[in-house]
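Reader: I should like to go through the helix packing and one of the pockets. Could we take the structure step by step?

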Amino acid sequence: MESKTNSGSIETVIKESRSFKPSTTFIAQAHINDPAHYERLWQASQENPENFWEQQALSLDWTEKWKRVHEWNEPFSKWFTGGKLNVSVNCLDRHLSRHGNKKAFIWEGEDGTVTTLTYRELHQKVCQLANALEKKLGLKAGDTASIYMPLIPEAIIAMLACARIGVAHSIVFAGFSSNSLRDRILDAECKVVFAADVGYRRGQALDLKKTVREAVQECPTVKATLLLRRDKQTALVSQELDWNAFIEGQSSIHVPQSFDSEQPLFFLYTSGTTGKPKGIVHSSGGYLTGVTTTAKWIFDLKDSDIYWCTADIGWITGHSYVVYGLLANAATSVIYEGAPMHPHPGRIWEIIDKHKVTILYTAPTAIRSFMRSGDEHPKRFQLDSLRLLGSVGEPINPEAWMWYFELIGKKKCPIVDTWWQTETGSILISPIPGVTTLKPGSATRPFPGIIVDVVNDEGHSCKPNEGGYLVIKNPWPSMLRTIHKDPERFKEQYWSKFKGVYFTGDGAHKDEQGYFWIKGRVDDVINVSGHRLGTMEIESALVSHPRVAEAAVVGRPDELKGQGIVAFVTPRDSREKLDIHSLSRELKAHVVNEIGALARPDEIKFTKTLPKTRSGKIMRRLLKDLAAGKQVSGDTTTLENPGLVELIES
Ligand code: PRX
């Protein structure tokens with residue numbers, strides 16, 4: 001990469017709008033490397049997105065071609081209708097003749113153990129499991145299954161086996177509590193739960209079976225838990241089947257059926273602005289078209305690449321850019337079960353050198369932690385295999401961008417800052433590394449076939465550099481189809497704020513060159529370390545505690561995590577003396593128990609009352625200012641109880 005300015009200071013980067021063109025070496029080998037040609041393609045895709053997406057869908061294997069590219073019954077979208085395919089065949093079978101012996105995954109455990117799976121081996125294991133699921137449990141297309149597992153190959157085998165037989169999977173990140181798991185299993189009416197007894201992270205064995213057992217007890221739809229026993233001591237309890245015994249003797253040949261393009265591939269629960277998580281429904285044909293195309297173009301995937309995305313499969317990034325998008329491109333990926341800074345702060349860099357990783361895709365929070373731990377750690381490693389870097393999940397601050405670029409990418413690796421969401425299925429805004437001039441902190445421009453805008457409250461396009469709401473103006477193949485069992489919420493949440501366009505929930509501005517700068521959420525969703533949490537979800541957890549009368553949760557800026565969680569709590573009158581330190585500990589533990597460790601509040605502030613408007617709405621703006629340690633700004637005249645955010649001190 002060649003920088004346009006000489007000085008390296010962050011102030012210069014921001015003030016001079018420093019930008020970086022792809023280096024000649026990168027351009028020479030990139031799939032897409034002719035800016036003029038790309039610009040023409042991009043313009044044409046903006047005028048006719050359906051045509052662009054139809055061309056992309058042709059790269060998949062369909063057993064029946066679609067009759068219509070897109071059916072739009074606003075806001076419900078169907079793509080490639082009449083088309084039939086099998087997602088697992090597209091990820092596995094079609095690669096076997098050319099890539100059967102190529103590694104699909106290189107798995108590393110925290111203790112350094114390495115296991116590899118070639119495309120042929122992965123295919124055999126998926127077929128065995130698919131056979132067993134059909135024959136022994138009678139699972140069939142249209143059923144649902146839940147996966148609660150650490151990042152190990154069996155979790156991916158379970159995803160692909162479900163996809164192969166038309167069963168929609170619902171992965172629950174193995175850090176959620178039993179209550180969260182139970183609610184998700186019940187909502188999706190899962191018949192089977194795939195689980196592992198333990199996960200290994202930060203030198204500890206996490207007891208996952210306990211969580212699963214507690215959850216499943218209250219789930220009448222679950223016929224069986226398929227338990228992968230990693231610890232020889234683990235005994236089975238009722239309803240549990242031993243994973244290895246379950247697949248033993250099963251044929252590694254499985255004749256796949258084809259499914260309708262719109263067959264749901266998976267549900268993934270994510271936080272919204274109410275207390276109840278939403279089951280985002282993704283399709284088969286459209287989803288696979290979106291993730292396959294974006295993975296190839298944005299990561300510039302080549303046959304020789306060793307790609308590593310550090311996300312867990314419990315999040316959308318793991319679904320789209322660890323599993324489906326990468327396998328559909330016959331790529332080789334590293335997956336790592338442990339924590340990236342364990343047992344030493346340079347672990348991530350060690351793994352990159354060990355496996356000669358060429359593409360690294362991670363989150364700004366992780367980059368900031370690596371920065372904080374000291375430059376000496378990455379400097380101990382060569383990192384010379386890297387050729388491309390990626391970022392996802394939150395806005396990346398220019399400081400972190402420059403550090404990533406200079407210290408990790410050695411100024412030669414482009415950074416693709418990719419903007420997207422659980423709902424969008426695939427990346428919608430990102431540089432194309434062989435053609436896009438990068439600006440630190442901007443996700444740059446929309447992917448071809450995606451029409452993006454920033455609009456004001458009236459829905460009119462904002463002027464350059466004017467802040468507004470980020471919206472997508474056309475349907476796209478990998479978009480969510482609905483919210484499971486709640487189409488009204490789907491309409492309300494995404495399609496009601498502005499007529500006929502998808503509202504992302506993010507604030508942004510577009511500069512004179514059409515580059516998008518994403519600011520973060522404008523709704524009651526907070527983004528902690530790149531993970532989405534609904535403030536209402538945490539509030540419901542808090543008020544379910546007997547000592548809490550009312551609670552309001554807000555985000556506050558956090559240097560490391562992007563946002564931290566601050567809860568304002570009004571305790572119930574009680575005969576017991578109020579010990580705010582012990583109650584604070586108890587409430588944090590309660591939230592962990594209700595939702596999971598990722599929702600633990602960083603701070604709980606006890607108040608005598610919560611500030612409310614006369615209509616009874618909590619004044620979050622005011623609480624946000626308070627949480628951030630700022631002077632309360634703006635108008636407080638509508639407050640029902642002005643000046644009454646009286647904190648209860650210890
Ligand atoms: O606020 C945006 C932020 O993450 C939200 C989506 O969260 P989730 O569905 O959990 O998916 C995360 C991984 C795709 C968005 O609404 N976000 C994601 N990527 C970026 C981002 N904000 C700024 N820049 C990004 N590159």
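Author: A definition is needed before the helices: a crossing is right-handed if the near helix is turned clockwise from the far one by less than a right angle, and left-handed if anticlockwise. In this predicted model, α7 passes α8 in a right-handed crossing.

Reader: Which residues of α7 and α8 make the contact?

Author: From α7, the contact is made by Leu122, His123, Lys125, Val126, Cys127, Leu129, Ala130, Leu133 and Glu134. From α8 come Ile157, Ala158, Leu160, Ala161, Arg164 and Ile165. By class, the contact has 11 nonpolar, one polar and three charged residues.

Reader: At what angle do α7 and α8 pack?

Author: Helix α7, residues 119-137, and helix α8, residues 153-165, pack at an angle of about 60°. Their axes are 8 Å apart. The angle makes α7 oblique to α8, because it falls outside the 65 to 115 degrees that count as roughly perpendicular.

Reader: Turning to α9 and α10, what is the angle there?

Author: The axes of α9 (residues 178-188) and α10 (residues 208-217) cross at roughly 45° and come within 8 Å. These helices are therefore oblique to each other. The crossing of α9 past α10 is right-handed.

Reader: And which residues make that contact?

Author: Ser178, Leu181, Arg182 and Ile185 of α9 make the contact with Thr211, Val212, Glu214, Ala215 and Val216 of α10. They divide into five nonpolar, two polar and two charged residues.

Reader: How are α15 and α17 placed?

Author: Helix α15 (residues 364-373) packs against helix α17 (residues 398-408) at about 70°, with the axes 10 Å apart. The two are therefore roughly perpendicular to each other. In the contact, Ile367, Arg368, Phe370 and Met371 of α15 meet Glu399, Ala400, Trp403 and Tyr404 of α17. By class, that contact has six nonpolar, no polar and two charged residues.

Reader: A change of topic, please. How much space lies in the second largest pocket?

Author: The second largest pocket holds about 440 Å³ of space. Its lining consists of 19 residues, and the closest to the centre are His95, Lys296, Ala328, Asn329 and Ala330.

Reader: Which elements give two or more residues to that lining?

Author: They are α6 (96-99) and α12 (285-298). The largest share, four residues, comes from α12.

Reader: And the lining by class: how many nonpolar, polar and charged residues?

Author: The lining of the second largest pocket has five nonpolar, eight polar and six charged residues.

Note on methods: Residues are numbered from 1 along each chain as its sequence is written. This is a predicted model: local features need pLDDT of at least 70, side-chain atom pairs count only at pLDDT 80 or more; totals for chains, interfaces and linings use all residues. Side-chain values use heavy atoms; hydrogens and water are left out. On a 1 Å grid over the protein atoms alone, a cavity is a set of points where a 1.4 Å probe fits but cannot get out, and a pocket is an open set with protein on both sides within 12 Å along at least five of seven lines; lining residues have an atom within 4 Å of a point. Grid points are joined across faces, edges and corners, and a volume is the space filled by probe spheres set on the points. Ala, Val, Leu, Ile, Met, Phe, Trp, Tyr, Cys and Pro count as nonpolar, Asp, Glu, Lys and Arg as charged, and the others, Gly among them, as polar. Axes are lines fitted to C-alpha atoms, for helices over the stretch in contact, and angles run from 0 to 180 degrees between N-to-C directions. Angles under 35 degrees count as roughly parallel, over 145 as roughly antiparallel, 65 to 115 as roughly perpendicular and the rest as oblique. Contact means heavy atoms within 4.5 Å.
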